[in-house]
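Here is a short briefing to read alongside the model. Take a look at the fold and the ligand, then work through the notes below.

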Amino acid sequence: MSGINIKICGLKDAAACKAAADAGARYLGFNFFPKSPRYVSPTQAAALAVDVPIGVCKVGLVVDMEDDVLEALLNEVPLDMIQLHGHESPERVLEVKARFGLPVMKAVGVRDADDLPSLEAYARVADQILVDAKPPRGAVLPGGNGLPFDWRLIAGRRWDVPWMLAGGLTPDNVGQAIAMTGARQVDLSSGVETSPGVKDAALMSAFCQAVLSE
Ligand SMILES: O=C(O)c1ccccc1N[C@@H]1O[C@H](COP(=O)(O)O)[C@@H](O)[C@H]1O
């Protein structure tokens with residue numbers, strides 16, 4: 001056992017949730033961004049949440065969501081953590097934490113060294129930070145594009161809160177990603193899919209094996 005935590009995001013059906021938890025994921029992510037091929041409605045997520053094992057963290061991924069929509073979502077789905085994956089400011093992170101009382105993980109996109117100060121800023125306000133690849137210019141999705149960033153940019157860097165590495169991770173590259181960055185938590189979506197939004201149990205198992213054998 002490596003002691004590295006795994007999050008598998010964008011789960012849409014009960015079989016995929018079970019396969020992810022059985023494979024060893026400690027966080028399961030539900031995606032509430034309507035434009036995503038991984039979108040689930042609050043009603044669908046509420047049904048899936050019922051069978052998530054105790055001790056596995058249910059994360060809700062939202063993108064620049066307004067308070068009233070977020071409130072309705074949290075009233076319907078028993079989430080354990082909110083993942084903010086849009087343009088939410090540090091002030092907005094604090095607001096969401098205070099208003100909804102759940103831990104907040106803020107995704108921060110990295111493309112080059114200019115993006116690194118943002119990580120420090122969000123690490124001061126969020127409960128966790130998700131160090132993700134910045135989406136390509138003009139992309140529809142602010143994440144979930146299956147593209148890694150240059151891991152050398154964060155080699156040896158540490159923040160004062162727990163952090164996850166994301167962006168284009170796969171069963172084949174996650175070992176190298178961990179070795180280069182020292183990540184103790186990893187997160188992915190596309191890398192365990194056969195097509196956008198379709199999770200594959202064998203790929204999830206292969207990914208978790210690759211991480212857990214580190
Ligand atoms: O997966 C999506 O469709 C998505 C949509 C909007 C915001 C974030 C999204 N995905 C998150 O992006 C990272 C990395 O994903 P990938 O492994 O590169 O596909 C991960 O946190 C996903 O949850």
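Leaving aside neighbours within four places in sequence, which residues is Leu-28 in contact with? They are Ile-8, Leu-11, Cys-17, Ala-20, Ala-21, Val-52, Val-56, Lys-58 and Val-59, where contact means C-beta atoms, placed from the backbone, within 7 Å. This is a predicted model, in which local features need pLDDT of at least 70 and side-chain atom pairs count only at pLDDT 80 or more, while totals for chains, interfaces and linings use all residues. Residues are numbered from 1 along each chain as its sequence is written.

**Confidence**
- The protein chain has an average pLDDT (the predictor's confidence in each residue, from 0 to 100) of 97, and 100% of the residues score at least 70.
- For the model, ipTM is 0.98 and pTM is 0.97.

**Nonpolar core**
- The largest nonpolar core (buried Ala, Val, Leu, Ile, Met, Phe, Trp, Tyr and Cys residues joined through C-beta atoms within 7 Å; buried means 20 or more other C-beta atoms within 10 Å of a residue's own) has 64 residues, and Leu-28 is among those with the most contacts inside it.
- Helix H1, residues 14-23, gives this core its largest share, 6 residues (helices are DSSP runs of H or I, at least four residues; strands are runs of E, at least two).

**Ligand shell**
- Around the ligand there are 27 residues (C-beta atom within 6 Å), the closest being Cys-9, Ser-36, Gly-143, Gly-144 and Ser-190.
- Strands E2 (27-31), E6 (128-133) and E8 (185-188) each give two or more residues to this shell.

Conventions. Buried ≥ 20, exposed ≤ 12 C-beta atoms within 10 Å, placed from the backbone. Contact = placed C-beta atoms within 7 Å.
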